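Okay, thanks for coming, everyone. I'd like to walk you through a structure that's new to most of us, so let me put it up on the screen.

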Amino acid sequence: MVKIKPSVNFLILICFILNESHSVPDECQQETERLRIQLKHLETRFQKQQQQIQRLRILNDKTSADADEVIELPGQTENTDCAQIFNNGSKASGFYMIKPMRSPSQIKVYCDMSEGGGWTVLQRRTDGKESFERGWDDYKQGFGDMESANGEFWLGNDNLYYLTSQADYDLRINLEDFDGAYRYAVYEKFKVSSEQEKYQLNFGEYKGNAGNSLAGSSHPEVQWWASHQGMKFSTFDNDNDRYDRNCAKEDKSGWWFNRCHSANLNGVYYQGPYSSVTDNGIVWYTWHGWWYSLKSVVMKIRPSYFEPNEV
């Protein structure tokens, strides 16, 4: 919005026109005063608008900064996961500190309070900025962007063990392709064992519309070599798969490989269809096959017994 002040000449012109139309000088003075009042009113409105715009900018900047900060909770209670945080009254998605029962210390997690609330996010892929071609220690401890609300990360296999050893958990996997389509898969009794057992993966019943890729059950001839049930975790420097070579090294990720996979959500970030020596993209076979790499993935867990506290 641009401020426009009528010039002195413009006011004189108004007076001249009024005089030519047989108006008396007092009327010209009154009209001039009316225009001055109107102009003052417009200037005041403009200033208020500018102040409001500035307030909104400050608020937006503050909101953006706060979105990446750990949300502080009242009291000294240590929450074991995001479901407990949700039922204790904190309904905002964001970063929180939790302490699973077996964990020696608090860990920073992203709590997703959508889709019923109470989800602890284990993994997120959004843009390919983070390399998931990592060694055993990185996957053990966790890595990635744990500052941004949309950052890519792996929470850490030790933390997956601490979380899933304290109760029965459901795993929900949200998938998106490059055409804007979405699918999901939910697994009951998702569990990751300790490092001594090579973070072995176990899961129960499936439901969803993405297909049961973790079980490799799309075809009987595929399941024996593609199922991830009971598989140990592998990285390029710690090979625990059933393949005569190294799946993690060939597919450039850490995962629960068999010989090698029908799902690899830690694969290389391509943009949709791709070609490579191996099927090393972000793959969910029962949706887009082995040669399509997905746009985004979120893996998150919540206790199977979870019921949102509405009080």
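First thing to say: this is a predicted model. The chain averages a pLDDT of 87, and 84% of the residues score at least 70. So where does the confidence drop? One stretch is residues 1-9, where pLDDT stays under 50, although the model still gives that stretch eight contacts beyond four places in sequence. Residues 57-66 also stay under 50, and there the model has zero contacts beyond four places in sequence.

Let's go to the inside. In soluble globular proteins, nonpolar side chains tend to be buried together. Here, the largest nonpolar core has 60 residues. Which residues have the most contacts inside it? Those are Trp154, Ile173 and Trp284.

Let me stay with Trp154 for a moment. If you skip its neighbours within four places in sequence, its contacts include Leu122, Gln123, Gly142, Leu160, Asn266 and Met299. Trp154 also touches a set of aromatics, among them Phe132, Tyr139, Phe143, Phe233, Trp255 and Trp256. Those names come back right away, in one aromatic cluster made of Phe132, Trp136, Tyr139, Phe143, Trp154, Tyr199, Phe233, Trp255 and Trp256. Trp136, from that cluster, has something over its ring too: the charged end of Lys198, 5.7 Å from the centre. Elsewhere, Lys108 lies over the face of Phe95, at 4.8 Å from the ring centre.

Leu160, one of the contacts of Trp154, brings us to helix H5, residues 157-164. How many of its residues are buried? Eight of eight. And that list has some polar names on it, including Asn157, Asp158, Asn159 and Thr164, next to others such as Leu160 and Tyr161.

Back to the rings: the count comes to 20 aromatic pairs. One of them is Tyr274 with Trp291, a tilted pair, 5.5 Å centre to centre with 50 degrees between the planes. The two partners are 17 residues apart, with Tyr274 in the loop between strands E11 and E12, and Trp291 in the loop between helix H8 and strand E13. Are they buried or exposed? Tyr274 has a relative accessible area of 10%, so it counts as buried, while Trp291, at 40%, is partly exposed.

Now the cysteines. A disulfide is a covalent bond between the sulfur atoms of two cysteines. This structure holds two of them. In one, Cys82 is joined to Cys111, with 2.0 Å from S to S. That bond ties helix H3, where Cys82 sits, to strand E2, where Cys111 sits, 29 residues apart. The torsion about the S-S bond is about -75 degrees, so this disulfide is left-handed. Cys82 is buried at 0% relative accessible area, and Cys111 is buried at 0% as well.

The other disulfide is between Cys247 and Cys260, with the sulfur atoms 2.0 Å apart. Cys247 is in helix H7 and Cys260 in the loop between H7 and strand E10, 13 residues apart. With a torsion of about -90 degrees, this disulfide is left-handed too. Both Cys247 and Cys260 are buried.

Last stop, Thr77. You'll find Thr77 in the loop between helix H2 and helix H3. Is Thr77 buried or exposed? At 60% relative accessibility, Thr77 counts as exposed, because the cut-off for that is over 50%. From the C-alpha of Thr77 to that of Asn88, 11 residues along the chain, the separation is 9.9 Å.

That's the tour, thanks for listening.

Key:
Residues are numbered from 1 along each chain as its sequence is written. This is a predicted model: local features need pLDDT of at least 70, side-chain atom pairs count only at pLDDT 80 or more; totals for chains, interfaces and linings use all residues. Side-chain values use heavy atoms; hydrogens and water are left out. Helices (H or I, at least four residues) and strands (E, at least two) are DSSP runs, numbered from the N terminus. Buried means under 20% relative accessible area, exposed over 50%, partly exposed in between (1.4 Å probe, protein chains only). A nonpolar core is a set of buried Ala, Val, Leu, Ile, Met, Phe, Trp, Tyr and Cys residues joined through side-chain atoms within 4.5 Å. Contact means heavy atoms within 4.5 Å. pLDDT is the predictor's confidence in each residue, from 0 to 100. A disulfide is a pair of cysteine sulfur atoms within 2.5 Å. Rings of Phe, Tyr and Trp (its six-membered ring) pair if their centres lie within 6.5 Å; planes under 30 degrees apart count as stacked, over 60 as edge-to-face and the rest as tilted. A charge sits over a ring if NZ of Lys or CZ of Arg is within 6 Å of the ring centre and within 35 degrees of the ring normal.
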